[in-house]
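Student: I would like a close look at one part of this structure, namely a place where two helices pack against each other. Could you take me through that contact carefully and then set it within the rest of the chain?

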Amino acid sequence: MSSATVNSVSNTAVTTGDGNPVKFRKDHNINWWLTAAIAVLSLTILVPLYFTIVTALKTPAEAGTFALPTSWQWHNFADASAKVNYPKAALNSAIITVAAVVLTLLTNTFVAYAVARNMDKRFFRFLYYFFIAAMFVPFPVVMLPIAKQMGTLHLDNQLGLIILYMVLGLGTNLFIATGFIRSIPVSLEEAARIDGASTWRIFWTIIFPLMSPINATLAIMTALWAWNDFLLPLIVLTDQSNQTIPLAQYVFSSQFATNYPMAFSSYLMAMAPVIIVYVFAQKWVIGGVMRGAVK
């Protein structure tokens, strides 16, 4: 198509059946000021990440500067893995993270469904605001009572830690999932009830599959929390063989305090799995939160 034809088409007025002109959406121009601001703010993450990477590949004598290492010390990763018993710690973190994600999806979503479909009842409305209010309670306030309770119940182990992740995340998960469930038409459930489906079957065959974006969001948020968490494993786990990666890395703050390259190598190995997961799943996190925040 020639440029003259393009110009003639662009200048032709298109109207609807009632004679009103059709308005075409113009492509949005790039906001360079906002782009520049985002680029500058991204340096708050990129600069520390660069410093971590170059430090992990240096000798202890070279650590502390932003310069590239004179010789690349790749053996720091193997040394750090051996010092913290990385395979064992990574396995413990993986078990806790996967179990916490599965139990969270199986329980929190069902609670959100019950609350979302019964918000007109006083009891369920009280439960909703009760769990939402729990989001605003600082964890240090309940830290010692939780540690005492888990010890009394003999749950100062991986199972107790998994249960805590499932329970303590209920407020945030309920807030996100309830808004999304209320946007699902009730007519779908009514049609299923006419066909004889129970509430349990309606949830698992209709509601739960429709919650895929929210389920992905809850799974990723729970996984990031359980994998990176340091405080809960510190106060709950009493057996050193069950320690997670953050607990295993705590050794660098004492015994190997001066060997920063080895410590930073360990930090990078702990960061790698969650960074990879988040890079490929960030659209699910953002999209799920936005869908769950509105009715």
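Tutor: Bear in mind throughout that this is a predicted model. The chain has 14 helices and zero strands, and the pair to examine here is H6, which spans residues 139-152, and H7, which spans residues 158-168. Two packed helices are described by the angle between their axes and the distance between the axes. For H6 and H7 the angle is about 140° and the axes lie 12 Å apart, while the crossing of H6 past H7 is right-handed. On the H6 side the contact is made by Phe-139, Ile-146 and Met-150, which meet Gly-160, Leu-164 and Leu-168 of H7. Sorted by class, the residues of this contact comprise five nonpolar, one polar and no charged.

Turning to the wider chain, the largest nonpolar core holds 25 residues, among which Ile-207, Met-211 and Ile-214 touch the most other members. Helices H4 (86-116), H5 (122-134), H8 (170-181), H10 (199-210) and H11 (212-228) each supply at least two residues of this core, with H4 giving the most, six residues. A second, separate core has 14 residues, and Met-150 is one of them, alongside others including Leu-161, Ile-162 and Val-236. Met-150 of H6 thus appears both in the contact with H7 and in that second core.

For the chain as a whole, 36% of the 295 residues count as buried, and, among contacts between residues at least 6 apart in sequence, 70% join residues at least 24 apart.

Technical notes
Residues are numbered from 1 along each chain as its sequence is written. This is a predicted model: local features need pLDDT of at least 70, side-chain atom pairs count only at pLDDT 80 or more; totals for chains, interfaces and linings use all residues. Side-chain values use heavy atoms; hydrogens and water are left out. Axes are lines fitted to C-alpha atoms, for helices over the stretch in contact, and angles run from 0 to 180 degrees between N-to-C directions. Helices (H or I, at least four residues) and strands (E, at least two) are DSSP runs, numbered from the N terminus. A crossing is left-handed if the near helix is turned anticlockwise from the far one by less than a right angle, and right-handed if clockwise. Contact means heavy atoms within 4.5 Å. Ala, Val, Leu, Ile, Met, Phe, Trp, Tyr, Cys and Pro count as nonpolar, Asp, Glu, Lys and Arg as charged, and the others, Gly among them, as polar. Buried means under 20% relative accessible area, exposed over 50%, partly exposed in between (1.4 Å probe, protein chains only). A nonpolar core is a set of buried Ala, Val, Leu, Ile, Met, Phe, Trp, Tyr and Cys residues joined through side-chain atoms within 4.5 Å.
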